[in-house]
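Morning, everyone. Please bring up the structure on your screens, and we'll walk through it together.

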Amino acid sequence: MELWFTEEHTENVRFSIRIDRHIVSEQSDFQKIDVFETPEFGKVLIIDDFVMLTEKDEFIYHEMITHVPMAVNQNIKNILVIGAGDGGTVRELTRYNSVEKIEMVEIDKKVVDISIEYLPFTASKLDSENVKLYFEDGLKFVKTKKNEYDLIIVDSTDPIGPGEELFTKEFYENCFKALKEDGILVNQHESPYYKREQEAMQKAHKKIKEVFPIARVYQAHIPTYGSGHWLFGFASKKYDPVKDLNEEWWNSIKIDTRYYNTELHKGCFALPNYVKSLLDNA
């Protein structure tokens, strides 16, 4: 008998992956966490019946959420990561020798524990010397910070359940205060394609625009996320992500990536007209 995992992208659209083995299933205080072994995508992390990452395509998401801001400001030293319990974002950030401190705030310790045990391909750098983990509410944590970080990355789940508060104007205002005068905020910005994510994307963009003087959106193709078309937000007090791209420096440090490059960096901010219209009307 074949075993399949199915995620509902809409009431009328489903995405299914055949699975070989259900490795673990646990209910934390916040959410249900599953790990599957699959023939096409390798190990797959599922939270509350939504695909969070797969072994085959996670590099796309994690490279795009980290290297885009890092290539804009070569002097990023202190970083706050909110969410990201699987460790993939931290893994990419630890590839920069210039980074001095990475603080990661994840509300659900169970996600980190499961990732360390079953997803070493993303979680392998969580024990790095310059990484400090906090298991608490990201909104409350960032409230206590002022003028402290060069970069904040919000690698959250969708705006439901424990991830909901990371899409509020209050949260973005607190991030603004926690950033230094040339600080950058990057967040996963949902998909522009299906209505539910589309509306969440518009709400987030509207709130970020009200807080940051520079608010741009960029895109990537992630096969296992809803519609495959995914957006990220880039907000800054100072830097334009295209005009201020430090291309020569980034290429000189020779980080070996599978998706990101500086040519793609410039192109990923060129959005389809329907997405531009959605953002303009947010």
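Which residue in β8 does I82 stand opposite? It is V105. Before we go on, one caution: this is a predicted model.

Let's place that pair. Strand β7 covers residues 78–83, and strand β8 covers residues 101–105. These two strands run in the parallel sense and share 5 bridges. In general, strands of a sheet pair through backbone hydrogen bonds, either parallel or antiparallel.

Now zoom out to the whole sheet. It is an open sheet of 7 strands. Read the order with me: β9-β8-β7-β10-β11-β13-β12. The pairing is mixed. Which strands sit at the edges? They are β9, residues 131–134, and β12, residues 214–221. Each of those pairs on one side only. From one strand to the next, the twist averages 15°.

A helix packs on this sheet. That is α7, residues 195–211. Helix α7 touches β11 (179–188), β12 and β13 (229–236). Compare directions: α7 makes about 150° with β12. Keep α7 and β12 in mind, please.

Next, the other sheet on my list. Here 4 strands form an open sheet, in the order β3-β4-β5-β6. The pairing is antiparallel. Why do β3 and β6 each have one side without a neighbour in the sheet? Because β3 (21–27) and β6 (50–54) stand at the edges, and each has a single partner strand. The twist in this sheet averages 20° from one strand to the next.

Walk along it. β3 and β4 pair in the antiparallel sense, over 6 bridges. H22 stands opposite F36 in β4. How many residues make up the hairpin connection from β3 to β4? The hairpin joins them through 4 residues. Then comes the next pair. Strand β4, residues 32–38, and strand β5, residues 42–47, are antiparallel too, over 6 bridges. There, E37 stands opposite K43 in β5.

On to the empty spaces. Start with the second largest pocket, which holds about 190 Å³ of space. Which elements each supply at least two residues of its lining? They are α7, β12 and α10, the last being residues 273–280. Among the lining residues are H205, K209, F269 and L279. By type, the lining divides into 6 nonpolar, 1 polar and 4 charged residues.

Now the cavities. The structure holds 2 cavities of 30 Å³ or more. I'll show you the second largest, with a volume of about 30 Å³. Its lining includes N187, H189, I208 and F234. Again α7 and β12 appear: these two and β13 each supply at least two lining residues. Which element gives the largest share? It is β13, with 3 residues. The lining of this cavity divides into 4 nonpolar, 4 polar and 1 charged.

Look for H205, A215 and R216. You will find these residues in the lining of the second largest pocket. You will also find them in the lining of the second largest cavity.

Last topic: charges. Side chains of opposite charge can pair when their charged atoms come close. How many salt bridges are there in the count? There are 19 salt bridges. Take one of them. The side chains of E58 and R91 meet in a salt bridge, at 2.9 Å from N to O. E58 lies in helix α1, residues 58–72, and R91 lies in helix α2, residues 88–93, so this pair ties together parts that are 33 residues apart in sequence.

Quick recap before you rotate the model yourselves. One open sheet has 7 strands with mixed pairing. Another open sheet has 4 strands with antiparallel pairing. Helix α7 packs on the sheet that holds β12. And E58 and R91 form a salt bridge. Thanks, that's my slot.

Conventions: Residues numbered from 1 in each chain as written. Predicted model: local features only at pLDDT ≥ 70, side-chain atom pairs only at ≥ 80, totals over all residues. Heavy atoms only, no water. Pairing = 2+ DSSP bridges. Axes fitted to C-alpha atoms, helices over the stretch in contact; angles between N-to-C directions. Contact = heavy atoms within 4.5 Å. 1 Å grid on protein atoms, 1.4 Å probe; cavity = no way out; pocket = protein on both sides within 12 Å on 5 of 7 lines; lining within 4 Å. Points joined across faces, edges and corners; volume = space filled by probe spheres on them. Nonpolar A, V, L, I, M, F, W, Y, C, P; charged D, E, K, R; others polar. Salt bridge = Lys/Arg side-chain N within 4 Å of Asp/Glu carboxyl O.
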